[in-house]
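This briefing concerns two ligand sites in one protein model. Please view the sequence and structure below before reading on.

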Amino acid sequence: MGLTKGLSVDEEFKLLDKMSEHEQVVFCNDPSSGLRAIIAIHNTTLGPALGGCRMHPYPSLDHALDDVLRLSKGMSYKCAAADVDFGGGKAVIIGDPQTDKTAELFRAFGQFVESLGGRFYTGTDMGTTMDDFIHSMRETKNIVGVPEAYGGGGDSSIPTAMGVIYGIRATNQTLFGSNTLSRATYSIQGLGKVGYKVAEYLLEQGAHITVTDVCDENIRSIQRKAATTSGAVSVVEPHEIYSQNVDLFIPCAVGGVINDETIDLLKVKAVVGSANNQLKLEEHGNRLAEKGILYAPDYIVNAGGLIQVADELYGANKERVLSKTKEIYHIILDVYQQANSHQITTLEAANRICEKLIAEKARRNSFYTRSVRPKWDIRNQSSY
Ligand SMILES: NC(=O)C1=CN([C@@H]2O[C@H](COP(=O)(O)OP(=O)(O)OC[C@H]3O[C@@H](n4cnc5c(N)ncnc54)[C@H](O)[C@@H]3O)[C@@H](O)[C@H]2O)C=CC1
Ligand SMILES: O=C(O)CCC(=O)C(=O)O
């Protein structure tokens with residue numbers, strides 16, 4: 001792929017330094033299908049790496065690498081917070097999800113996943129759907145979020161959206177002393193798999209929401225939905241979403257949306273959404289706090305999908321997943337409380353909680369036992 005082409009030796013080592021927190025970074029190239037992807041395994045202390053696969057037309061390999069490194073690190077924290085026996089990983093496919101998807105491309109991707117010998121499990125993320133991974137499943141068993149017809153738990157964006165709703169409830173409880181949804185107002189960025197379900201639920205609870213999406217069909221669909229509920233929807237252009245005069249901003253599209261420019265525009269009391277890596281830089285967490293805006297750490301709020309796909313390895317059970325997802329409400333309340341009592345940002349509070357959990361679990365995992373299903377011997381016996 002010419003990753004280091006034209007780079008000086010110094011620059012080549014800087015590239016390696018960039019990946020130095022990660023255990024393994026795999027560059028996948030399959031000219032016959034056109035697959036160009038990166039798989040990043042951040043940390044397998046808690047178990048094999050798990051993380052969805054994003055498809056996006058990255059403007060450069062550097063952008064794709066930065067994204068997958070940051071996303072996979074976030075998964076290590078998310079796995080610790082969600083109390084699952086997995087480590088952090090993630091994959092990105094460089095391509096346009098509207099035009100570049102083929103069965104061959106996802107089969108080739110499945111072969112790369114298989115080549116990692118069970119060190120990496122993957123499923124859907126932004127720009128990919130389960131239909132894509134049906135092709136990958138012909139090459140590897142290490143796919144999670146498997147459709148119900150194949151014995152899996154189905155669409156993982158359902159528990160992700162429920163987790164966002166629990167995050168919103170915990171935030172409303174902290175801000176207003178009541179966790180009801182209908183009294184507050186919301187702005188939602190992105191009406192895809194997760195954002196649409198969050199919007200739909202809030203409308204059904206009678207809330208007033210302001211939405212945006214770059215896809216017109218998603219807008220028309222939520223307008224049709226709103227007409228059947230006691231809630232109300234207003235639509236704004238994508239660039240107008242940050243300056244809305246509402247209580248909570250709910251980012252459910254791309255990362256990096258909380259940055260120097262947007263923080264100046266925000267009039268909300270809190271940010272609670274599903275998008276991974278909402279803060280462009282960690283310091284933007286401090287800027288939100290200085291402005292008095294409560295931030296619900298993304299990797300805790302959006303853990304519902306992870307909870308489902310990890311739980312799938314015990315056999316699909318929706319009730320069990322929803323009951324585990326409810327925990328997000330209490331974890332967010334705890335994070336807010338710890339941030340307040342230690343006078344640190346909510347992200348710092350969440351990171352501290354997770355780092356402590358990883359250290360405790362690492363001690364437990366240092367005691368060798370023969371493979372235990374489903375903790376380690378994942379899907380060894382099963383077939384679908
Ligand atoms: N699907 C899941 O279960 C999980 C998703 N997430 C994160 O949540 C976010 C959303 O994920 P999905 O709903 O699965 O993705 P998706 O691809 O189904 O939906 C994203 C939506 O955002 C819209 N969009 C893209 N750029 C936009 C912009 N600049 N302004 C407004 N709208 C824009 C797209 O048109 C699309 O409707 C991503 O950051 C993803 O990593 C995190 C955990 C689990
Ligand atoms: O939701 C999934 O399919 C896997 C979990 C994940 O990648 C995430 O939470 O970002």
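Which polar side-chain atom lies 2.9 Å from an oxygen atom of ligand 1? It belongs to Ser 274. The model is predicted, so local features need pLDDT of at least 70 and side-chain atom pairs count only at pLDDT 80 or more, while totals for chains, interfaces and linings use all residues. Residues are numbered from 1 along each chain as its sequence is written, chains are lettered from A and ligands numbered from 1 in the order in which they are written, and side-chain values use heavy atoms, with hydrogens and water left out.

**Ligand 1: contacts and cover**

- The side chains of Arg 54 and Asn 218 each place an N or O atom 2.9 Å from an oxygen atom of ligand 1 (a polar contact is a pair of N or O atoms within 3.5 Å).
- On its own, ligand 1 has 830 Å² of accessible area, of which the protein covers 85% (Shrake-Rupley method with a 1.4 Å probe).

**Ligand 1: surroundings**

- There are 24 residues around ligand 1, and those that come nearest are Arg 54, Thr 160, Asp 213, Ala 253 and Asn 276 (a residue is near if one of its heavy atoms lies within 4 Å).
- By class, this shell holds eleven polar, eight nonpolar and five charged residues (Ala, Val, Leu, Ile, Met, Phe, Trp, Tyr, Cys and Pro count as nonpolar, Asp, Glu, Lys and Arg as charged, and the others, Gly among them, as polar).
- Helices α5 (157-176) and α6 (193-204) each supply at least two residues of the shell (helices are DSSP runs of H or I with at least four residues, numbered from the N terminus).
- Ligand 1 lies between domain 1 (21-74 + 86-150) and domain 2 (157-358), because both give residues to its shell (the bounds come from an automatic or database domain assignment).

**Ligand 2: contacts and cover**

- Oxygen atoms of ligand 2 lie 2.6 Å from a backbone N or O atom of Gly 52 and 2.6 Å from a polar side-chain atom of Lys 90.
- For the side chain of Asn 276, the distance from an N or O atom to an oxygen atom of ligand 2 is 3.2 Å.
- Taken alone, ligand 2 exposes 290 Å², and the protein buries 93% of that.

**Ligand 2: surroundings**

- The elements giving two or more residues to the shell around ligand 2 are α2 (61-82) and α11 (304-311).
- Among the residues surrounding ligand 2 are Gly 51, Met 75, Lys 78, Thr 124, Asp 125 and Val 309.
- The shell around ligand 2 comprises six polar, three charged and two nonpolar residues.
- Domain 1 and domain 2 both contribute to this shell, so ligand 2 lies between them.

Conventions. Polar contact = N/O pair within 3.5 Å; in protein donor to acceptor, adjacent residues only side chain to side chain.
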